[in-house]
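The questions below ask how some common descriptive words are earned in a structure. Each answer sets a value against the meaning of the word and then draws the conclusion.

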Amino acid sequence: HQLYKALLSVFPGTHVMEGSGRMLVTAVGINSQTGIIFTLLGAGEGEEEKKDKKGKQQDGAVENNQNKAKKQDGAVAMEMQPLKSAEGGEVEEKEKKKANVPKKEKSVLQGKLTKLAVQIGKAGLVMSAITVIILLLYFVIETFVVERRVWHPECTPVYVQYFVKFFIIGVTVLVVAVPEGLPLAVTISLAYSVKKMMKDNNLVRHLDACETMGNATAICSDKTGTLTTNRMTVVQAYIGDQRFHEIPDPSQVNAKTLEVLVSAIAVNSAYTSKIMPPDTEGSLPKQVGNKTECALLGFVLDLKRDYATVREQIPEEMLYKVYTFNSVRKSMSTVVRLPDGSFRLYSKGASEIVLKKCAFILDAGGEPRSFRPRDRDEMVKKVIEPMACDGLRTICIAFRDLSANPEPDWDNEAEIVTELTCIAVVGIEDPVRPEVPEAIRKCQRAGITVRMVTGDNINTARAIAAKCGIIQPGDDFLCLEGKDFNRRIRNEKGEIEQERIDKIWPKLRVLARSSPTDKHTLVKGIIDSTVMEQRQVVAVTGDGTNDGPALKKADVGFAMGIAGTDVAKEASDIILTDDNFSSIVKAVMWGRNVYDSISKFLQFQLTVNVVAVIVAFTGACITQDSPLKAVQMLWVNLIMDTFASLALATEPPTESLLLRKPYGRNNPLISRTMMKNISGHAVYQLTVIFTLLFAGEKIFNIDNGRKTPLHSPPSEHYTIIFNTFVLMQLFNEINARKIHGERNVFDGIFSNPIFCSIVLGTFAVQVVIVQFGGKPFSCAPLNVEQWLWCLFVGVGELLWGQPCCVFLDRVHTSPPPYPQCLFTGPQVIATVPTSHLKCLKEAGHGPGADDILDEELAEDEEEIDHAERELRRGQILWFRGLNRIQTQVQFSTDLPQQVYFFPPCHKAAPVLNPKYFFCFCSVPRYYSIL
C-alpha cells in the first residue's frame, strides 16, 4: 500500500501525460530527491558544518528525530539513523567530520612540479651555502694566513662589509636557483587557458581539470546530444509502395496520400510540439517538445507543407478522443470528427506494433489495397530491417475511418485501433554532428580511446558508432549491452571483480542499453585497472542527475550545458556550453598546451638557473666576487620568472599537439630532449661568459674588472658580461618555444603578441639599464661596437641551437607561390641525436610510492574509507528516497480530505484517479497538466 502511494508521486522535470488533478508540494530544498543527491555529492557540507555549530536546542531536535525514527519501520529508521561502518558499528563524530572534507588528490602536473621544485630548491640551497662558505674561507685564509694580517678593531667595519657582501652573493645564488616563478607560470597558464577555453565552449569549474584533460587516455561519451545533434530527423521514407532513401520531392508522392499524411502528422501530435524559427540567422530551426514528433513535423515542412494550417482548421479543443503514447501502447492515436459527422482516427507508433493492426495500405495511386500478414513480413524484411541496420528508428503512420452511427465505444481501444490503413513508414535518426567523425579521428591519433555509453539499443548504437568512427571494420572491438556487461563482470555471488573488468574494457567500444550504474562501474573499473603500464586518465560526459556519481568518479567530468541537469553540472569539472563532442577535443588541446607551456618555461628557467648559479659560484670562488651583481641577478630573475612565465605560458595551442600520445602519469616533466637543450645552451653560455670573464679585457681592450676594490665604480668589463648574459637569455627564450626537437623556432611566433611584446620590451629596458643604470645596477655605458658584439653573441644562441632559414620572396610567376629555405645554419644542438646522449637523465617524475609519508598514507586510508562510505550512501540513496515518500504519504493521510480536483475531461481516456499527487521539487514552480 505504501509503495502504491509512492508510485503516485510527481518529480520535477517529469510530465503528467494523462488525467488531471492538484499536486501537493511536500519537500523542497535539501529534503527533495534532488537535494538528497546534492548532499551525497558533497554539496551540503557547508550546511552540515553550520548545523554542527548550533547549540543545544538543535541537538535536542536531532535527538527527538532519532527517537521518532525508532518508532517507525526498519527502513525509515535506517534513513534517519547514522550510516554504519563496514564492521557494523556507527561512524564516530570525528570520523564523520573527516569524511565531510575528503582529501583533494593532486593532479598529474601538480605532483611532478611539487617534486621538481623541492629538488631544485634543495640544490640551490646547497650551492648557496657552499658559495658563502668558500668565500668566507678564501677571504679568511688569504687575509689572515697568507698575508698574515692582524684583526684590528678599527678594521672590523671593513671586514663586516666583506662578510655581508659574501652573504648577499649567497642569497643571490639561492634566489636565482629557487624557481619561485614556477607557481606563477602554472597560474598564468591555467588562467589564460581557462579564459580562452570559454570561447571554445568549455566552462572550466576546476582549474586542475584543464591540465588533467591533456593527459586523458580514455573518453566515455554519451550519444544523444553529444555525438549527435539531438535533433531527430526523418531521413528515409516508404510511401506508396516505394522506398525513398532521402526526403522525397512532393511531386513524387500522390497528392491524396500527401494530404492524408500531413493531416495525420499535424493532428496526431501534441500541439505543444512545434518547429520554431532559429535564434540566429544561418542556424537550424528550434525543435520544441517531443523530439520524435518534431522530426515528423519537420518532415511535413520538408514536403513543402505547413502543419500549422491544419492545426488552425482542427484546434486542440476539437479533438474528440486521444489515446496518448505510453510504454504499453507504444503508439498514439487521435480521433477527429469530419464535416460529414463521421470520425477519422490517426495513429502513429513503433512500426512493428502499428503494422500488426493494419489491414490495408495506400498504393502508388493513393488507393487502399489489402495488406496481408505475408505482405507485412515482406515489408519487415525489405523496409523495416534495412532501416534498422542503418541505425534508424522506424515509425508507422496509419488512419481509419469510423462511422458515426452507431457511435463506437471509445473505451474499447482494442476494437477502435484496428483494421488501420498504412499511409507511410518513416525512418528517423538523430544525425551525427558533422564535426564529430573528424574530432574522434583526432582523438584516436592523439592516443585517446573513445567509448560510447548510451541507453539506445545495440543496433542503433553500433550504427552510430560506425558513422562516428568509434569502431572500424576489421578492428578487434566489443559492443555490449548493459545486461551482458554486468553478466561478464560479476561472479557467481553477483559481486563485481576487477579481473573480469580488465578482460573487457580494453576492447570495449560501445556499451548500449546501459544504466547510470553501468557507466559508473565502467569508469571506476578503467581507473582502478592495472593491466596497462600507466594508470588510465578517464574523461566522462553526462547530462542526467543519475550521471553524477560517474562524473564525480572520473578524472575529468564533462556536463552538458544545454541538456544537463543542475546535479550533473555540480558534479562536473568542465561544462560544455554547446553539448558538442568536438569541444572536448579542444579541451584536450588546451590541456596539452598547458603541460607544454610549463615545460617550455622550465626549459628556459633551468638553463638560466644552471648558468647563473655556476657563474656566480665559480666567479666568487676564483675572483672573490660574482661577475653578476646582486641587483643584476634580481633583474635576470625577473626576466626568467615573471616575464618568461607570461610570455611562454600564453602560447596558443596548435593541431600538432594532437599528433602525439599523452604524456602519462609516470613520464618525466623534463624529457631527455629538453635536458639536451638545457645542457647544450648552458655549455654555450658558460663558454661565452667565462671567455669574457677571463679574456674580455684583452678582446675589447678595456680595463680589467676582476678583483676590484670594495666600493670601486662599475666597470665596462663586467657590464659587457651582464649585457651579453641577458641578451643570450632573450634569444634563448625564442629557442624555448620548442621542446620536442622542432627546428623552426619561429613557427607561429607572431600568433602570440604577448611573447613578441615581452621580448621587445625586455630588450628596451635592458638598453635603459645598461646605458643609464649607473651605480645602482653596477653598469657602465657601452659604445655601439660593444653593443653589436653583445648582440652577435646573443644571436649565436639561435645559430647554436636551431636552424636559421632565409626565405625567398614569393615567386609570382610560377604557381603556386611557396617559401623556399635557402640556407640552414649550424644546427648544433638540434642535430645531435638524443639517443646518443646516454649520460642525460630525465627529471620531474611524478611522486613515487617511496615519497609518500606515513601521514599521507594514513590520509589515503581515510580517503578509501570515505569512498566506501560514499558508495554505501549511493546504494541506499533510493531506499532513502522511498522512505521519505512513505513518511510524507503518512503525513498526508492526516490532512483534511478537502483537496480540489478538476473535473475529468469530456470523453477522456479512463485513468487512475488518485486522491493526491505529491511533487518533490527543489524550487517552487508551476506544472502543466497535459
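Q: Is the crossing of α24 and α26 left-handed or right-handed, and what makes it so?
A: In this predicted model, the crossing of α24 and α26 is right-handed. A crossing earns that name if the near helix is turned clockwise from the far one by less than a right angle, and the two helices pack at an angle of about 35°, with their axes 9 Å apart.

Q: What makes us say that α24 and α26 meet, and which residues do so?
A: Contact means heavy atoms within 4.5 Å, and residues of both helices are in contact by this rule: S599, Q603, L606 and T607 are among those in α24, while M674, N677, I678 and H681 are among those in α26.

Q: Why is the largest set of 118 residues called a nonpolar core?
A: The name is given to buried residues of certain kinds, Met, Ile and Phe among them, that are joined through side-chain atoms within 4.5 Å. Those with the most contacts inside this core are M213, I470, F558, F581 and F722, and so they are of kinds that the definition admits. Helix α24, residues 581-623, gives the most to this core, with 20 residues.

Q: How do you know where this core lies with respect to domain 1 and domain 2?
A: Domain 1 (180-196 + 589-810) and domain 2 (202-227 + 434-579) both give residues to the core, so it lies between them. There is also a second, separate core of 36 residues, which includes I239, A266, V336 and Y346.

Q: Which residues of α18 are called buried, and what covers them?
A: A residue is called buried if its relative accessible area is under 20%, and in helix α18 (residues 458-468) this holds for I458, T460, A461, A463, I464, A465 and C468. Their cover includes the helices α15 and α17 and the strands β16, β17 and β18. After α18 comes G469, whose phi is positive, near 95°.

Q: How many of the residues of the whole protein count as buried?
A: Of its 930 residues, 47% count as buried, which means that their relative accessible area is under 20%.

Q: What is C756 in contact with, once its neighbours within four places in sequence are left aside?
A: C756, which is found in helix α28, is then in contact with I749 and F750, since heavy atoms within 4.5 Å make a contact.

Definitions and conventions: Residues are numbered from 1 along each chain as its sequence is written. This is a predicted model: local features need pLDDT of at least 70, side-chain atom pairs count only at pLDDT 80 or more; totals for chains, interfaces and linings use all residues. Side-chain values use heavy atoms; hydrogens and water are left out. Buried means under 20% relative accessible area, exposed over 50%, partly exposed in between (1.4 Å probe, protein chains only). Helices (H or I, at least four residues) and strands (E, at least two) are DSSP runs, numbered from the N terminus. Domain bounds come from an automatic or database domain assignment. Axes are lines fitted to C-alpha atoms, for helices over the stretch in contact, and angles run from 0 to 180 degrees between N-to-C directions.
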